Amino acid sequence: MRFKEKTIVVTGAGSGIGKQITYDLVHEGATVYAIGRTEEKLASLKRSSSLITNVCDISIPEDVTKLFEHLKKEGHAVTGLVNNAGINPSRNVLGNTSFDDWEKTIATNLTGVFNCSKAALEHMISVGAGSIVNISSIAGICALKERASYMSSKWGLVGLTQSIAIDYAKHNIRANCVCPGYVETPLVENYLSALSDDEHEALKKSHALGRFGSIHDIARAVLFLLSDDSSWITGVTLPVDGGYHIGRTD
């Protein structure tokens with residue numbers, strides 16, 4: 001029970017990676033505040049006294065501040081934060097990326113992390129400890145075609161993680177970043193389903209270990225970085241990508 005009596009906030013908790021992280025944290029003793037943009041996105045979660053859902057648009061700083069102030073009033077000091085929420089509305093080169101898609105992507109993938117981390121840090125400083133795990137992407141460490149807005153947001157997230165790590169280490173607060181490869185989630189499955197059989201197989205083989213990732217692969221890495229098992233690790237960018245970043249082995 002690595003997270004007994006810990007309060008942890010998970011954004012983008014209604015599906016895929018965020019949902020699995022939420023369930024795993026509850027299983028290991030945490031009280032989890034699961035955040036989603038709409039009630040519909042959170043509807044599938046099995047609520048309990050240890051799993052509380054909250055609707056919050058993380059791109060709006062006032063909404064995020066209100067949420068974390070509510071947690072404080074309820075007597076919950078947040079010592080863990082998983083910034084998992086992310087969108088990818090535009091698979092385009094820069095010249096074909098609309099300003100609207102650019103703005104939406106940055107607002108959720110980067111500004112949302114800024115808002116949540118800033119609010120959570122106040123809690124963590126008050127208790128003298130904390131761990132933040134940001135979910136970036138292989139698009140935050142590798143060049144991918146036709147991902148102008150998404151790549152920019154995910155590379156920015158790597159930088160923000162290191163900024164938090166260096167500035168808040170004196171408060172015993174750690175910040176690390178996980179960069180998943182292609183994981184079978186709702187966000188990725190639509191993309192995979194549009195590929196031809198040959199394209200699908202080639203993409204799979206782009207991961208040195210020869211398979212796509214599962215939500216469990218990512219959740220295990222996140223829980224490690226959140227926990228005291230990684231108490232001497234901060235500022236790390238960890239690819240959890242089946243070896244995508246090192247390339248094919250054939």
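Which residue in S5 stands opposite Asn-83? In this predicted model, the residue facing Asn-83 is Asn-134. The two strands concerned, S4 (residues 78-83) and S5 (residues 130-135), run parallel and are joined by 4 bridges.

These strands belong to an open sheet. The sheet has 7 strands in the order S3-S2-S1-S4-S5-S6-S7, and the pairing is parallel. Its edges are S3 and S7 (237-240), each of which pairs on one side only. From one strand to the next, the twist averages 20°. Strands of a sheet pair through backbone hydrogen bonds, in either a parallel or an antiparallel manner.

S5 also pairs with S6. Here 6 bridges join the two strands, which run parallel. Within this pair, Ile-132 stands opposite Ala-175 of S6. S6 is largely enclosed by the rest of the structure, because 8 of its 8 residues are buried. In a regular strand the side chains alternate between the two faces of the sheet. Both faces of S6 are covered. On one side the buried residues are Ile-173, Ala-175, Cys-177 and Cys-179. On the other side they are Arg-174, Asn-176, Val-178 and Pro-180. Ala-175, the partner of Ile-132, thus belongs to a face that is covered.

The loop between helix H5 (148-168) and S6 holds Asn-172. This residue is not a glycine, yet its phi is positive, at about 65°. With a relative accessibility of 48%, Asn-172 counts as partly exposed. A positive phi also occurs at Glu-5, again a residue other than glycine, with a value near 65°. Glu-5 lies in the segment before S1. Its relative accessibility is 73%, so Glu-5 counts as exposed.

S1 (residues 7-11) contains Ile-8. Is Ile-8 buried or exposed? At 2% relative accessibility, Ile-8 counts as buried. Residues up to four places away in sequence aside, the contacts of Ile-8 are Phe-3, Leu-25, Ala-30, Thr-31, Val-32, Tyr-33, Gly-80, Leu-81 and Leu-226. Ala-169 is 161 residues from Ile-8 in sequence. In space, 19 Å separates the two C-alpha atoms.

At the S3 edge of the sheet, Asn-54 sits in S3 (residues 51-55). Asn-54 has a relative accessibility of 16% and therefore counts as buried. Sequence neighbours up to four places away are again set aside for its contacts. Asn-54 then touches Tyr-33, Ala-34, Ile-35, Gly-36, Leu-42 and Leu-67. Tyr-33 is thus a contact of Asn-54 and also of Ile-8.

Helix packing was examined next. Two packed helices are described by the angle between their axes and the distance between the axes. H1 (residues 16-27) and H8 (residues 215-226) pack at an angle of about 55°, and their axes are 9 Å apart. The two helices are therefore oblique to each other. The crossing of H1 past H8 is right-handed. From H1, the contact draws on Gly-16, Ile-17, Gln-20, Ile-21, Asp-24 and Leu-25. From H8, it draws on Ile-215, His-216, Ile-218, Ala-219, Val-222, Leu-223 and Leu-226. By class, the contact of H1 with H8 comprises 9 nonpolar, 3 polar and 1 charged residues. Leu-25 and Leu-226, both in this contact, also touch Ile-8.

H4 (residues 99-127) lies across S1, S4, S5 and S6 (173-180). It runs at about 160° to S4. H4 also packs against H5, at an angle of about 15° and with the axes 8 Å apart. This angle makes H4 roughly parallel to H5. H4 passes H5 in a right-handed crossing. On the H4 side, the contact is made by Asp-101, Trp-102, Thr-105, Ile-106, Asn-109, Leu-110, Val-113, Phe-114, Ser-117, Leu-121 and Ile-125. On the H5 side, it is made by Ala-148, Ser-149, Tyr-150, Ser-152, Ser-153, Lys-154, Gly-156, Leu-157, Leu-160, Ile-164 and Tyr-168. The contact of H4 with H5 divides into 13 nonpolar, 7 polar and 2 charged residues.

Methods:
Residues numbered from 1 in each chain as written. Predicted model: local features only at pLDDT ≥ 70, side-chain atom pairs only at ≥ 80, totals over all residues. Heavy atoms only, no water. Axes fitted to C-alpha atoms, helices over the stretch in contact; angles between N-to-C directions. Parallel < 35°, antiparallel > 145°, perpendicular 65-115°, else oblique. Left-handed = near helix turned anticlockwise from the far one by under 90°. Contact = heavy atoms within 4.5 Å. Nonpolar A, V, L, I, M, F, W, Y, C, P; charged D, E, K, R; others polar. Buried < 20%, exposed > 50% of the residue type's maximum accessible area, 1.4 Å probe, protein only. Pairing = 2+ DSSP bridges.
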